[in-house]
Amino acid sequence: MKNYFLYLMAMAIMVACGNGDKNKSDKLNVDGAQYAEPFRPQYHFTPKEMWMNDPNGLVYHEGIYHLFYQYYPEDIVWGPMHWGHAVSKDMVHWQHKPIALYPDEHGYIFSGSAVVDKMNTSGFGEEGQQPLVAIYTYHLMESEKAGRADFQTQGIAYSLDNGDTWVKYEGNPVIDNEGIRDFRDPKVFWHEPSEVWIMTLVAGDHAKFYSSKNLREWEYLSDFGKEQGAHGGVWECPDLIKFNVEGANEEKWVLIISINPGAPNGGSGTQYFVGDFDGSSFTTNQEEIKWLDWGTDNYAGVTYNNAPNDECIFIGWMSNWTYARDTPTKKWRSAMTLPRKLTLAKEGNIYFLKNTPLVQLASLKSEVAPKSFDITPGQVKEMEFETNNQAQVVFTTSSNKFEMKFANAKGENMVLGINDTVAYLDRRQSGKIDFHEEFGKTVHKMSLKGLAQESYEVSLYIDRSSVEVFIDDGKFVMTEQIFPTAPYTSLSITNRGTESLQVKNLKVQKIKSIW
Ligand code: FRU
């Protein structure tokens, strides 16, 4: 009897804490069948329906990772922007939340960031609460249509219930526009040494820095970038981040800038600058242009504020403005990249960002025994697999002349090759490509300058409509959309060199759906 009572007590506690059905509570509140549509990513974030672009307001607070995003709830093309909202405890499983921010009399809600105002500097907190404060751009369409240049301003909103409901500040906009057409995408962080908030935003062809003691009143500090970096298009979505350089006793700042068009393989892309920030201006002596990702489909990415252990976690929008509106999905449009940990490394005098998909993803992967084999020059090794295009393919090698071809029974294929100091990704026959002439037009290339001389890792994450390639510990990255009309079921590796190709510890691991 006593045991039975204890059992009942334990059950009651489990139900109250939500442990009784743990998987369910971690999963999305959507009907599973909906997520079986053609091309629906199975382990990447997508909105339940309708149009999505940039990630916004990435912030961690009280055990929850928030993902806000540019969202138009009435169509699968861009329109009046809102902030959609999703939350996660592990950055793997996401739960959809109601729309967080709606357009108002100041305009549409464009991209921006969110912070935890731990000391309640804004005064929005009540009774010791730490408010979440969102800082975003207002885009006033009427004003743009009337031919004015000052239609973008910056506004703020706060939440006292960890992001569930938001109140717009009555003093909006907090930064007015003095006549700059492209004036947007504020990213804010707390700068400890000077005890102020620092905002980076973009103004067409450069970044601007501001500071504030309370998130309401902002003071202009400085400009950066008119003469630096790539300028093939407008600058968007900046992010200024402090790094401890891996393996060195050195602190550096990285300024991430998205640019559209002007990316190395066409359309939208993300460049970065490594330099110093003294609390008021950013400087760099970097001369070359650095790309965070050489693929065509990683744009407007930014990093989390307040992430645990000071980790720098990045999420990008997995599309490209060139064809974003035309991709062949019907119910929703576009996905986010996998969340990635960014670290800054140094070799000689060269700094580079490394991207590593989060370790939490391991929980989704099937266990398989690794295989090692050699391929003689000119020969092809062919393998079959059944992963339904939900897989990580990984191996190490020291060769820099080989080609991997993923193919399905319909003759569609996607190729990733390495030829000396260049990697190439060919999606010209990868599946559906005819929705936009630019999509399957060229083979996309990535410089591998600095590739390890010895053995290095090649890792690909394939989902229903994307592939993310990480080479040499995430030093070289390519993210691309693909739309195969049936899953790839074979992988052929060709040795294009003159020496034996050693493939070590090859694994094709199936990745579970997060829905
Ligand atoms: C980047 C961007 C931002 C802007 C938003 C509008 O993709 O153009 O600069 O705030 O999208 O949706």
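These legends describe close-up views of salt bridges and of the ligand site in a predicted model.

**View A. Glu37 and Arg40 form a salt bridge.** The closest approach between the two side chains, N to O, is 2.7 Å. Both partners are buried, because each falls under the 20% cut-off. Glu37 has a relative accessible area of 15%. For Arg40 the value is 0%. This pair belongs to a structure with 29 salt bridges.

**View B. Lys97 and Asp164 meet in a salt bridge.** The N to O distance is 3.1 Å. The contact links distant parts of the chain, 67 residues apart. Lys97 sits in strand β4 (residues 95–101). Asp164 sits in the loop between β7 (152–159) and β8 (167–168). Lys97 is partly exposed, at 26% relative accessibility. Asp164 is also partly exposed, at 40%.

**View C. A salt bridge joins Asp223 to Lys208.** Their closest N and O atoms are 3.1 Å apart. Asp223 lies in strand β12 (residues 219–224) and Lys208 in strand β11 (residues 207–212), so the pair ties together parts 15 residues apart in sequence. Asp223 counts as partly exposed, with 33% relative accessibility. Lys208, in contrast, is buried at 10%.

**View D. Asp182, Arg184, Asp185 and Glu236 form one salt-bridge network.** The four residues are joined by salt bridges that share partners. Arg184, Asp185 and Glu236 are also among the residues around the ligand.

**View E. Three side chains place polar atoms by ligand oxygens.** A polar side-chain atom of Glu236 lies 2.8 Å from an oxygen atom of the ligand. For Trp321, an N or O atom of the side chain is 2.9 Å from a ligand oxygen. Trp78 has a polar side-chain atom 3.0 Å from an oxygen of the ligand. On its own, the ligand has 310 Å² of accessible area, and the protein covers 95% of it.

**View F. The shell around the ligand mixes nonpolar, polar and charged residues.** The shell divides into 5 nonpolar, 3 polar and 4 charged residues. Strands β1 (50–61), β5 (108–116) and β9 (184–191) each give two or more residues to the shell. The residues around the ligand include Asn53, Asp54, Phe110 and Ser111. Gln70, Met81 and Tyr299 are also among them. Trp78, Glu236 and Trp321, shown in View E, belong to this shell too.

Key:
Residues numbered from 1 in each chain as written. Predicted model: local features only at pLDDT ≥ 70, side-chain atom pairs only at ≥ 80, totals over all residues. Heavy atoms only, no water. Buried < 20%, exposed > 50% of the residue type's maximum accessible area, 1.4 Å probe, protein only. Helix = DSSP H or I, 4+ residues; strand = E, 2+ residues; numbered from the N terminus. Near = heavy atom within 4 Å. Polar contact = N/O pair within 3.5 Å; in protein donor to acceptor, adjacent residues only side chain to side chain. Areas by Shrake-Rupley, 256 points an atom, 1.4 Å probe, with all protein chains shown as cover. Nonpolar A, V, L, I, M, F, W, Y, C, P; charged D, E, K, R; others polar.
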